[in-house]
Amino acid sequence: MKKIYYTLILACLFSCEAVFVEDISNDSIVLLAPLNNSQLNVGNNTFSWELINNAETYQIQIATPNFENANQIVLDSIVLDNNLLQSLDLGTYQWRVKASNSEYETQYSTVSFTVN
């Protein structure tokens, strides 16, 4: 009986590691570029943001003209890094990012910009 008891304790200790996932839901994504009301050139543009500790992935979305009245979702992608290169045509856009791990996610951080 003791052997079963110790086996259960050891199993719990090794499997409990997955239970402790850092809660990132109160963290905020800091968008670095483009900033709100930026004017970008047609072509490839770099979108970047600060990393969140304990985040595993980032969801980046770009919409035109904005997310509330989107005519088109230009990009909806999951990335592992904190930047992305994207080509855009003339127009008004919003972009946003949220971070996730296996249990939690942040709110989106959103800014507007224009491509001339």
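# Exercises around strand β7

β4 and β7 pair in the antiparallel sense over seven bridges. The model you are looking at is a predicted one, and these exercises walk you through the surroundings of β7, one step at a time.

**Exercise 1. Find out which strands pair with β7, and how enclosed β7 is.**

Step 1. Begin with β4 (residues 57-64). Within its antiparallel pairing with β7, Q61 has R96 as its bridge partner.

Step 2. Now look at β8, which covers residues 109-115. β7 and β8 are also joined by seven bridges, again in the antiparallel sense. Here W95 stands opposite V111.

Step 3. Check the burial of β7. Seven of its 10 residues are buried, so the strand is largely enclosed by the rest of the structure.

**Exercise 2. Classify the ring pairs that W95 makes with F47 and W49.**

Step 1. Recall what you need: a pair of aromatic rings is described by the distance of the centres and the angle of the planes. Planes over 60 degrees apart count as edge-to-face, and those under 30 degrees as stacked; the rest are tilted. The count for this model is five aromatic pairs.

Step 2. Take F47 and W95. Their ring centres are 5.1 Å apart and their planes meet at 70°, so this pair is edge-to-face. F47 sits in strand β3 (residues 43-49) and W95 in strand β7 (residues 91-100), which puts the partners 48 residues apart. Both F47 and W95 are buried.

Step 3. Take W49 and W95. With 6.1 Å from centre to centre and 50° between the planes, this pair is tilted. W49 belongs to β3 and W95 to β7, so the pair ties together parts that are 46 residues apart in sequence.

Step 4. Widen the view. F47, W49 and W95 belong to one aromatic cluster together with Y58, Y93 and F113.

**Exercise 3. Decide whether W49 and W95 are buried or exposed, and place them in the largest nonpolar core.**

Step 1. The cut-off for buried is under 20% relative accessible area. W49 has 0% relative accessibility, so W49 is buried. W95 is buried too, because its relative accessible area is 0%.

Step 2. Turn to the largest nonpolar core, which has 21 residues; W49, W95 and F113 are those with the most contacts inside it. Its largest share, four residues, comes from β7.

Step 3. Follow F113 outwards. Leaving out residues up to four places away in sequence, F113 touches a set of residues including P34, L40, F47, L88 and W95.

**Exercise 4. Trace the polar contacts of Q94 and S109, then see where R96 lies.**

Step 1. Q94 lies in strand β7, and its relative accessibility of 16% counts as buried. Its side chain makes a polar contact of 3.1 Å with the side chain of S112.

Step 2. S109, in strand β8, is buried at 14% relative accessibility. A polar atom of the S109 side chain lies 2.7 Å from the backbone oxygen of I29. Beyond its neighbours within four places in sequence, S109 is in contact with I29, L31, W95, R96 and V97.

Step 3. Finish with R96. R96 lies over the face of F67, at 3.9 Å from the ring centre. R96 also lies over the face of Y108, where the distance from the ring centre is 4.1 Å.

Terms used: Residues are numbered from 1 along each chain as its sequence is written. This is a predicted model: local features need pLDDT of at least 70, side-chain atom pairs count only at pLDDT 80 or more; totals for chains, interfaces and linings use all residues. Side-chain values use heavy atoms; hydrogens and water are left out. Helices (H or I, at least four residues) and strands (E, at least two) are DSSP runs, numbered from the N terminus. Buried means under 20% relative accessible area, exposed over 50%, partly exposed in between (1.4 Å probe, protein chains only). A polar contact is a pair of N or O atoms within 3.5 Å; within protein, one must be able to donate a hydrogen and the other to accept it, and residues adjacent in sequence count only if both atoms are side-chain atoms. Contact means heavy atoms within 4.5 Å. Rings of Phe, Tyr and Trp (its six-membered ring) pair if their centres lie within 6.5 Å; planes under 30 degrees apart count as stacked, over 60 as edge-to-face and the rest as tilted. A charge sits over a ring if NZ of Lys or CZ of Arg is within 6 Å of the ring centre and within 35 degrees of the ring normal. A nonpolar core is a set of buried Ala, Val, Leu, Ile, Met, Phe, Trp, Tyr and Cys residues joined through side-chain atoms within 4.5 Å. Two strands pair if DSSP finds at least two bridges between them.
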